[in-house]
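This report describes the fold of one protein for a reader at the bench. The sequence and the model are shown first, and the description follows.

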Amino acid sequence: MRVALFGGSFDPPHHGHIAIATAAADVFDLDSVLFAPVGRQPLKAEAAPASFSDRMAMVELACKVDKRFVVSDLDAPRSDGAPNYTVETLAELRDIFPDARLFNLVGADSFLDLPRWHEPERLLELAEWIVVSRPGFPLANLAPLGLTPQQLGRVHLLQTVHEDVAATNLRERLEAGDLCVDVLAPNVAAYIETHHLYR
């Protein structure tokens, strides 16, 4: 079984997220892509504008397009208010799927920030990484990360996704009353409108 963790704010989930997950699932023959909205990001000071429960609900709606996509609460807010660390989520996932081939699906901008992540060496032990290219973040040179040949062997580049949606710009458009039907699934756009999010 081949399972990928796809964490992030998903605030809101948009076509870019679906394009990334679809490409990764197709190219790496994934059985499941676990969309896991994060409770509290360690490297972002500000809280997500939408609540965790709203983001979970929107992700569940967005995931209806592909049976390989599953919404997961593995990264739910912690009771002590501490940040959610990917290394802990991957360790938990390893316990849940002891025999699976695990992947972590991330954008190039996040991956190039790997030295700032919690326990970066262990992250590459727990899972293989699918790193998606993004405009402005070329993936040709990973030398600055100082990865060993063995670690580099666990990093797979995905450069076939070209749908770039900036979440900040998307939320600004929603705040201005734009339903953003060009980048949001109809059911997600309807949820946002019904629950008066980002206004």
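## Overall form

With 199 residues, a compact globule would have a radius of gyration near 16 Å, and the protein agrees with this because its own value is 16 Å. The model is a predicted one. Along its principal axes, the C-alpha trace spans about 50 × 35 × 35 Å. The accessible surface of the protein amounts to about 10000 Å², and carbon and sulfur atoms contribute 51% of that area. Of the 199 residues, 48% count as buried. Among contacts with a separation of 6 or more, 74% are between residues 24 or more positions apart.

## Secondary structure and the sheet

The protein contains eight helices and six strands. Along the sequence these elements follow the pattern β-α-β-α-β-α-β-α-α-β-α-β-α-α.

In what order do the six strands lie in the sheet? The sheet is open, its order is β3-β2-β1-β4-β5-β6, and the pairing is parallel. Strands β3 (69-71) and β6 (155-158) form the edges, each pairing on one side only. On average, neighbouring strands of this sheet are turned by 25° against each other, direction ignored.

Strand β1 (residues 2-8) and strand β4 (residues 101-107) run parallel and are joined by four bridges. Within this pair, alanine 4 has phenylalanine 103 of β4 as its bridge partner.

## Helices on the sheet

Two of the helices can be set side by side with the strands they meet.

| Helix | Residues | Strands met | Angle between directions |
|---|---|---|---|
| α2 | residues 52-62 | β1, β2 and β3 | about 155° with β2 |
| α3 | residues 86-96 | β1, β2 and β4 | about 155° to β4 |

Helix α2 packs on the sheet, where it touches β1, β2 (32-37) and β3. Helix α3 lies across β1, β2 and β4.

Which residues of α2 are buried? They are Phe52, Asp54, Arg55, Met56, Met58, Val59 and Ala62. The list thus includes Asp54 and Arg55 as well as Phe52 and Val59. The cover over the buried residues of α2 includes the strands β1, β2 and β3. Two helices also take part in that cover, namely α1 (15-27) and α8 (186-194). Strands β1, β2 and β3 are therefore both touched by α2 and included in what covers its buried residues.

Technical notes:
Residues are numbered from 1 along each chain as its sequence is written. This is a predicted model: local features need pLDDT of at least 70, side-chain atom pairs count only at pLDDT 80 or more; totals for chains, interfaces and linings use all residues. Side-chain values use heavy atoms; hydrogens and water are left out. Two strands pair if DSSP finds at least two bridges between them. Axes are lines fitted to C-alpha atoms, for helices over the stretch in contact, and angles run from 0 to 180 degrees between N-to-C directions. Contact means heavy atoms within 4.5 Å. Buried means under 20% relative accessible area, exposed over 50%, partly exposed in between (1.4 Å probe, protein chains only). The radius of gyration is taken over C-alpha atoms; the globule rule is 2.2 Å times the number of residues to the power 0.38. Accessible areas come from the Shrake-Rupley method with a 1.4 Å probe; for residues, only the protein chains shown count as cover.
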